[in-house]
Every structure is written in structure tokens, then in C-alpha cells.
Amino acid sequence: MKTTPETDAYSGTLHDVVTTEVKPHRSGFATFLLVLCAIAFVAAALVRLLGIDGTRYMIATTSLMPYLTVVGLLIGLGALFRRRWAVGLTMTLVGIVLVANVAPRAFPDSRPNGVGQQVRVMTSNLLTGIADAQFIVREVKARGVDILAMQELTPDMVRDLERAGLDQVLPNRVFLDEPGGSGSGIASKFPLTRRDLTPPSTLQQAAAVVDLPGQNIEVVSVHPLPPVVTEGPEAWQRELAGLPSPDSTGAIRVLAGDFNATLDHVGITRLLNKGYVDAADQVGKGLIHTWPSNSGVWPPPVTIDHVLVDSKCPVDTVDVFDVPGSDHRAVVAQFVVPR
């Protein structure tokens with residue numbers, strides 16, 4: 001078949017069109033968004049990893065670290081898939097570092113052997129005294145609770161608990177009940193002696209020595225002022241810093257209550273570094289949320305209610321459950337106080 005110069009030129013043009021590599025179009029706006037995500041993610045990660053409290057907005061962001069870790073890691077992997085190498089590698093590597101800090105909370109730690117008195121501590125924020133007192137007493141009985149730490153304990157709630165029969169189960173008490181949300185209290189199966197274990201705080205934080213059959217323990221019903229109040233987080237920082245450290249030479253200490261802080265906040269990490277362990281974290285339940293109890297989309301559920309025990313106390317079990325009328329879930333931890 002003969003060709004002409006015109007057909008040769010046309011064939012060459014078709015060849016060029018077919019063999020030319022079609023390069024994907026890159027959206028400048030998408031890249032801009034990825035860069036913004038990377039900057040925000042790395043900044044939030046640095047606040048967490050460097051132990052910076054900062055403003056109330058930074059503190060609120062830190063409380064969402066488990067969510068941010070997952071989202072940041074997914075965006076980083078997506079950026080790698082789209083060949084945005086710098087952004088993708090940065091977010092993925094930072095995400096892996098955060099996963100190493102967050103993921104272990106979902107897995108139980110090895111339990112050391114311990115011989116001594118088995119104790120069950122329950123903590124419950126009563127939401128200005130409108131929680132269901134009968135439900136609380138039923139749970140105390142059903143779960144064999146030895147010590148009950150309460151926050152936002154009001155005089156009316158005290159009467160409701162008495163009518164529900166709390167005195168028959170936990171007859172010993174140190175109550176600092178007040179109207180509104182500032183009250184606090186401890187009820188126990190064992191004898192109690194009131195102690196001042198914390199500096200003066202905005203909200204009451206009842207504390208007592210519990211006279212166990214073996215070694216005594218000291219318990220604090222923890223409730224620092226929330227860090228997101230308009231006055232700023234200074235009171236929250238000061239009150240968390242004022243919580244007692246473990247006493248290596250004296251009684252075993254237990255801090256139970258509404259810390260208004262997660263395991264990612266520096267106030268909690270300092271306590272853990274001093275010799276406490278988070279009971280839920282020890283048994284692989286450290287990511288179970290405690291507030292708000294109605295786990296909707298907003299606000300995102302977070303873990304701010306804790307039972308911190310001396311690291312010398314092996315933790316057996318932890319249960320987290322809703323309390324009707326309260327926006328906080330209750331936490332029950334069973335551990336062994338060594339002889």
C-alpha cells in the first residue's frame with residue numbers, strides 16, 4: 001500500500017498521541033488542603049509528645065488524640081497513595097509515633113503476682129446530684145464495691161442515697177456535700193478517717209484513710225476544675241499538680257474520680273511517671289470512654305474518669321457503665337493491696 005507525505009504525517013501525529021504518557025492532573029487546592037492537614041496534625045502531635053498544656057483549646061484538642069491519631073494516619077496513607085510524598089511521609093511517620101503511645105491502652109499489661117487484700121473501688125460523677133441514687137446503690141451491692149468515690153455530691157443526693165440504703169452497704173463516710181457541682185464524698189465498707197491530702201481546690205476533693213484488714217490505703221475523690229472554663233486552665237493545672245504522689249514509705253494511695261483529663265494530658269502523665277498506674281489501661285480498657293455517657297457524635301466521647309492506683313497494686317478487673325441521670329459513666333476497679 002502506497003503512502004503519501006500527507007498520510008505519513010497523519011500517522012506520525014497519531015503515534016505521538018498514543019505513545020505520549022498522560023500525566024495525572026494535580027489539584028493545587030487538594031495539595032494545599034493536605035499541607036494544612038499535615039501542619040495541624042504535626043502541631044497537635046508535638047503538643048502531646050512534648051507535654052504542653054497551653055490554652056484551653058489546645059487542651060481540648062489533646063483530649064481527642066486517639067481520634068486525631070487515626071485520622072492523621074489515614075490522611076497520611078492517602079497522601080502517599082496519591083504520591084504526595086513529603087506530606088504523606090510526614091503524617092504517616094508522626095501517626096505511627098502516636099499509635100505507639102495510644103494503641104497499648106487497648107491491650108492488657110502483664111499482671112504481676114500479688115498477695116494481699118482485694119479491694120473494689122467505684123467512682124461516679126453524680127451530675128450536681130441528679131444521678132439515680134437507687135441505681136448507684138444497686139450497683140454497689142451487685143458489684144461488691146468496697147469504696148465509693150463520688151463527685152458533685154449534693155445534700156439532696158446524700159438524702160437520696162440514704163433512702164436507697166447506702167448506709168447499709170457502705171456505712172462509713174467522709175462527705176463534703178455542697179449544693180451544685182462542687183461537693184465530693186467517699187463511702188466505705190471499712191472504717192474511714194478524714195485526711196487533707198490535697199491543697200485547697202475550687203471543687204471539693206474528699207480524702208480519707210481506709211482502715212483495711214491488712215495495710216491501710218489513702219483514697220482521694222478527685223475533681224479538679226475543668227480546663228475549658230472561660231477563666232482558663234490555670235486552676236485545672238494547679239489542682240492536678242496538687243494531687244498527692246505515691247508514698248513509697250507510707251500508705252498505698254488511690255486517686256479515683258473525674259480528672260477532667262485524659263491519659264494524653266501532662267497532668268495525668270506526670271502522676272503515672274511518679275508511680276501510679278491507670279487501672280483501665282492496665283487491663284486493656286484504657287480507650288473506653290467515660291464522658292459523655294450518651295456517646296453521640298458531638299461532643300466526641302473521651303476518657304476523663306480514672307482510678308489511679310499505686311504501681312505496687314496488681315489490677316484484676318475494670319468495668320465501665322452508664323449511670324442513669326449522669327453524663328459520666330462510672331468506673332469500678334478491682335486491685336490487690338499487698339501485705
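**Exercise 1. Work out how strand E10 is paired and covered.**

Start with E9: strand E9 (residues 276-278) pairs with E10 in the antiparallel sense over three bridges. Strands here are DSSP runs of at least two residues (E), helices runs of at least four (H or I), numbered from the N terminus, and two strands pair if DSSP finds at least two bridges between them. Before going on, note that this is a predicted model, where local features need pLDDT of at least 70, side-chain atom pairs count only at pLDDT 80 or more, and totals for chains, interfaces and linings use all residues. Residues are numbered from 1 along each chain as its sequence is written, and side-chain values use heavy atoms, leaving out hydrogens and water.

Next, pick out a bridge: aspartate 278 has leucine 308 in E10 as its partner.

Now try E8. It runs antiparallel to E10, and five bridges join them; valine 254 is partnered by valine 309 of E10.

Last step: is E10 covered? Six of the six residues in E10 (305-310) are buried, meaning under 20% relative accessible area with a 1.4 Å probe, protein chains only.

**Exercise 2. Describe the surroundings of aspartate 264.**

First, find it: aspartate 264 sits in the loop between strand E8 (252-258) and helix H10 (266-274).

Then check its exposure: aspartate 264 has a relative accessible area of 3%, so it's buried.

Finally, list its neighbours. Leaving aside residues up to four places away in sequence, aspartate 264 touches Arg48, Thr62, Met65, Pro66, Val102 and Arg105, where contact means heavy atoms within 4.5 Å.

How values were computed: Buried means under 20% relative accessible area, exposed over 50%, partly exposed in between (1.4 Å probe, protein chains only).
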